[in-house]
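The following paragraphs are intended to be read with the structure in view. Please locate each residue as it is named.

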Amino acid sequence: MIKIIDKLATEHNLSYDELHRLIEHRNEELAEYLFEKARQVRILHYGHDVYMRGLIEFTNYCRNDCYYCGIRKSNCNADRYRLTKDQILDCCAVGYELGFRTFVLQGGEDGYYTDEIMADIVSSIKSKYPDCAVTLSLGEKSYESYKMLYEAGADRYLLRHETANADHYSKLHPSILSLETRKQCLYNLKEIGYQVGCGFMVGSPFQTTECLVEDLLFIKELQPHMVGIGPFIPHKDTPFADKTAGTLELTLFLLGIIRLMLPFVLLPATTALGTIHPKGRELGILAGANVVMPNLSPTDVRNKYLLYDNKICTGDEAAECRMCLNRRVESIGYKLVVSRGDCKMR
Ligand code: SAM
Ligand code: FES
């Protein structure tokens, strides 16, 4: 197995069988070896810098009904909200003062925000903060809509593929959603010129090692600038309420593999990772992650954007989160930097 990790570290590529064996035969010792290699690659390209993204969860309305998601349309217990353009700009103002140079606008698929409204929000942020990047995470849209938002100034787009196995995809989503469309959206985003992020939940219901290998091979093929992975965590008001959460151990192992597969990738240590373990985000960074995404949403809506149970930091002000993360990152010898944090891949 050590040889497989060495091959991954030098060639950045493994076959289906090699990936399968590596995941199936993983153990603590192998994980330590993998993380050491992942850190070396990460330090080579990004030093000890950790990039911050200010997450603005601007709507929890959603037309979709993904079985895993706490803000799915059928969850009548979700207390729905929308932020106005001014509220979003206020979040950016607070974030800018705190050193954020990337704002991530994330929400459910909410028809209230038409392309025109979104384009206006994006261009207002860009004209006020020309040194900042705007990342969108708004789900599936047409080529034309993505293009319009890109032309309004959006730089990046996050759209997790969720799983690269079509059968698995159909067990996580109602039949109206398909893996084919999801993948097409990602290719469209790339073609338009966005820096693109895909990703998946670790330990989602019905996920097998085969699914994970397909995920990794798809990521290699897509060559995204960012990959968002975090553990699946059940939400009490969803069809998956009784399913088991993904583990810290497997999430970290996959972070290490992804860092070696795509040396330049922007890899967040997610809030979900921090939710399943108190030191989850620190351990994520030590496994190869180089991004954190603290919340900039107003505190009165924080506890309404609940994708899963027991989400951390829902009561904290943005400044508290910033300080808390600073301490956490410094405690392991890394540093939060004031930077747009673009991908260094050419
Ligand atoms: N609507 C946009 C989209 O579909 O990409 C952005 C919002 S969506 C809630 C963001 C991500 O949250 C999803 O891609 C999914 O992987 C993650 N997520 C949803 N429910 C989750 C859960 N129960 N546990 C962990 N992650 C979850
Ligand atoms: Fe739409 Fe989760 S179901 S954001």
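The first point of reference is the ligand. A nitrogen atom of ligand 1 is found 3.3 Å from a polar backbone atom of L307. Taken alone, ligand 1 would expose 570 Å², and the protein buries 92% of that area. The reader should bear in mind that this is a predicted model.

Two further polar approaches to the ligand may be located. At I233, a backbone N or O atom lies 2.7 Å from a nitrogen atom of ligand 1. At R160, an N or O atom in the side chain is 3.0 Å from an oxygen atom of the ligand. There are 18 residues around ligand 1, and those that come nearest are Y68, G107, R160, E162 and I233. What is the chemical character of the shell around ligand 1? The shell divides into ten nonpolar, five polar and three charged residues.

One of the residues just named, E162, also appears in a database record. An unreviewed UniProt entry places the feature "binding site" at E162 and R182. Although these positions are spread over 21 residues of sequence, they cluster in space, with a largest C-alpha distance of 8.9 Å. E162 lies in the loop between β5 (156-158) and α7 (166-172), whereas R182 is placed in helix α8, which covers residues 179-192. Is E162 buried or exposed? E162 has a relative accessible area of 8%, and it is therefore buried, the limit for this class being under 20%. R182 likewise counts as buried, at 10% relative accessibility.

The surroundings of these two residues can be traced next. Not counting residues up to four places away in sequence, E162 touches Y68, Y169, L172, H173, R182, G199, F200 and M201. With sequence neighbours within four places left aside, R182 is in contact with E140, L159, R160, H161, E162 and Y169. E162 and R182 are thus in contact with each other, and Y169 is found on the list for E162 as well as on the list for R182.

The unreviewed UniProt entry also gives the feature "binding site" at S137. This serine is in strand β4, formed by residues 133-137. S137 is buried because its relative accessible area is 10%, which falls in the range under 20%. Apart from neighbours within four places in sequence, S137 is in contact with L105, Q106, G107, Y157 and L158. Of these contacts, G107 has already been met among the residues that come nearest to ligand 1.

A second serine, S204, may be compared in its setting. S204 lies in the loop between β6 (195-202) and α9 (209-222). How accessible is S204? Its relative accessible area is 3%, so S204 is buried. The side chains of S204 and H168 are joined by a polar contact of 3.4 Å. Beyond neighbours within four places in sequence, S204 is in contact with H168, L172 and F232. L172 was named earlier as one of the residues that E162 touches.

The view may now be widened to the chain as a whole. For residues 48-270, UniProt lists "domain: Radical SAM core" in an unreviewed entry. The C-alpha atoms at the ends of this span lie 18 Å apart, and the span is 38% helix and 17% strand. A31 is in helix α3, which comprises residues 28-46, and it counts as buried at 11% relative accessibility. A31 and G256 are separated by 225 residues in sequence, yet they are 8.1 Å apart in space, C-alpha to C-alpha.

R281 offers another case of separation along the chain. This residue is in helix α12, residues 280-286, and it counts as buried, with 8% relative accessibility. R281 and L19 are 262 residues apart in sequence and 24 Å apart in space, C-alpha to C-alpha. Setting aside neighbours within four places in sequence, the residues in contact with R281 are A269, T270, G274, I312, C313, L325 and R328.

Finally, two loop residues deserve attention for their backbone angles. H12, in the loop between α1 (2-11) and α2 (16-24), has a phi near 60 degrees, a positive value in a residue other than glycine. Q223, in the loop between α9 and β7 (226-231), has a positive phi near 55 degrees. H12 counts as partly exposed at 23% relative accessibility, and Q223 counts as partly exposed at 28%.

Notes
Residues numbered from 1 in each chain as written. Chains lettered and ligands numbered in written order. Predicted model: local features only at pLDDT ≥ 70, side-chain atom pairs only at ≥ 80, totals over all residues. Heavy atoms only, no water. Near = heavy atom within 4 Å. Polar contact = N/O pair within 3.5 Å; in protein donor to acceptor, adjacent residues only side chain to side chain. Areas by Shrake-Rupley, 256 points an atom, 1.4 Å probe, with all protein chains shown as cover. Nonpolar A, V, L, I, M, F, W, Y, C, P; charged D, E, K, R; others polar. UniProt positions renumbered as here; feature names shortened; annotations may be inferred. Helix = DSSP H or I, 4+ residues; strand = E, 2+ residues; numbered from the N terminus. Buried < 20%, exposed > 50% of the residue type's maximum accessible area, 1.4 Å probe, protein only. Contact = heavy atoms within 4.5 Å.
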